[in-house]
Structure formats: structure tokens, C-alpha cells
Amino acid sequence: MTSWNQEKTGYLYTASAYLLWGFLALYWNALNAVSSLEILAHRMLWGFIFISILVFIQAKKRSALFSLISEFKVNTLQFLYIFIASMAISLNWLLFIWAVNFHHIMEASLGLYITPIVSMILSVIILKEHVKKGTLISMLIAFVGVLIITYDFGKIPWIAFSLAFTSGIYSIMKKYITVDALVGMCIETFMIIPFSLIYLLFLQRSNKMYFGSNLEVTILLIGSGILTILPLLWFTEGSKRISLTTIGFFQYITPSITFLLGILVFDNSISWINWLSFSFIWISIFIFTSSNYKNQK
């Protein structure tokens, strides 16, 4: 496969991941009767079960997993990267749930917009990725859009920055993880299973578990694992084929979909300053896309 075909495949995987993450707001809304922490625990548990099935029904994947584990000493660094990625995404989910439960949803939304900028900054500092002129201009315009939202917010949005930083660390680790995507995800989810099982056991013992009380909700909770794993797999495949600075701009897909769903589906009111900020971000995406297209011609 040529370099350009690799890039196009990376674009497809990455765009699919962020599109699904954006529309997942509709799925979580269907589970609004269930606590956010129970949803998270089921995402971890059923996600691990789903990814394990995918690995074990494929002989090559199964063999790769056993080989990776049997040669633990040789692959210690890969396990470390996977562990950091696992902790980063878990903390990211936990921060988001906490923000929603304690009425910091606007700050959490801001975090989605800051994330691409943090990812691109980390890619330049850590991965030493080269930033093209068009990309730099678009980054600066997007940064202005984020500054407008931050100014409107009225204080330093620590929750938003924490969400963005943990997501950025996860993206960086994915660039260092070289093992097969399915195998890596299997190990990644396995590392966070203990937290999931402990919390679900606590809910069961205190008779507070929603799982099993309603067939529709139970099916949706099981499905949450699949919908958690699929975009992570697509993101992993995409991150292997395109630069982190490029991935940074795909990350605007999710908050943009959330923004539109808030207006069209959830009837949220949007201030003029939100529209202004949103406009800056979309202008930056247009410049970035145009710049990349010209470079490919």
C-alpha cells in the first residue's frame, strides 16, 4: 500500500472513530436512568469481553497475544506504554463522568475543544513532528476560538484542561504502541477490569445495580462495551497511519457533533459568543483541510 493510500485509510479510520464518539451522546441519553459510574463500569467490562472474543477467534491474534505475554521481559516497554494509555483513558472517562455528575458539563465540553490543540502541542514537543505553515495558521485560529470560550467561561477551566491532557497523553501513547491493535486493546482493557469488577460488586452488594432490572437497559449496557471498543480500535489504526497533528483536527468532529445535537436534539440554547468561537474553529478546520489537499496534489 502506498504512503498516500495509507494516509487515506488513516483518515477513514480516524474520521469514523470521532463520528461515532460524537453520536454516542444519543446512546448515553437512552441510558439516563443509570448512574454514570455504572455505565462506565459496564463499558470497561463488556468492552474487555468483546475485544477478548475478537482476539481469541482469530488464530493469528491469539498467537500474537500469547507471544507478547510470554516475552514480557522483551516487551516491557510496550506493556508500560499500554498501561499509561489505559490509565489515561480511564482517568479521562472518570473526569468526564465527574464533570457531568457535578454540573460542570460546559467545562467538560470545553475540554473537547481544547483536546486537539493539546494533542498537536504534545506531538511537536514529544514526537518532534513537523508542522506545516497551513497547519500552524489553522492551529492559531483554533486557539483563538478556544480562548474566546475560555474568556466567556470566566476562570481557568482546570477540568477542561485535565480532560484535554489525559486525552493527549492517550494519543501520544498510541503512537508508541507498536503491537497489533486488537492485541493492544485486549491488554489495555484487561488492565482496567479490576476497577470495573470492584465497583460492580459494590453495586450488587448494596442492591443499587441497574443492570438486570430492565431488559432494554441491560442490552444497552452490554452494547456500550462494543461501542466503546470500536472507535478505540479505529482510532488506533488511524493513529498508525497519520500524524498526531492531523489527528488533532479530526478531534473537532466530536465536539462539533455534540454542539449540533445540543441545538437540534437536546434544545440547548447557544450564546452568540459560542457561535463566534465555533466559527473560528470551523475556519481553522477549513484552512487545515485546504492546506493538506494542496500538498497532496
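**An all-helix chain and its nonpolar cores**

The chain holds 12 helices and 0 strands (DSSP runs of H or I with at least four residues, and of E with at least two, numbered from the N terminus). With a radius of gyration of 20 Å over C-alpha atoms, close to the 19 Å that the globule rule (2.2 Å times the number of residues to the power 0.38) gives for 297 residues, the chain is as compact as a globular protein of that length. Its C-alpha atoms fill a box of roughly 50 × 45 × 30 Å along the principal axes.

The model is predicted, with local features needing pLDDT of at least 70 and side-chain atom pairs pLDDT 80 or more, while totals for chains, interfaces and linings use all residues. Residues are numbered from 1 along each chain as its sequence is written, and side-chain values use heavy atoms, without hydrogens and water.

Buried residues (under 20% relative accessible area, 1.4 Å probe, protein chains only) make up 49% of the chain. A nonpolar core joins buried Ala, Val, Leu, Ile, Met, Phe, Trp, Tyr and Cys residues through side-chain atoms within 4.5 Å. In the largest one, of 66 residues, Tyr-113, Tyr-170, Ile-187 and Tyr-252 touch the most other members. Helix α8 (residues 181-205) gives the most to this core, with 11 residues. Apart from it lies another core of 10 residues, including Leu-24, Tyr-27, Leu-220 and Leu-221.

A good place to look is Tyr-252: beyond its neighbours within four places in sequence, Tyr-252 is in contact (heavy atoms within 4.5 Å) with Tyr-113, Pro-116, Ile-117, Ala-142, Ile-281 and Ile-285. Among contacts in the chain between residues at least 6 apart in sequence, 88% join residues at least 24 apart.

How values were computed: Buried means under 20% relative accessible area, exposed over 50%, partly exposed in between (1.4 Å probe, protein chains only).
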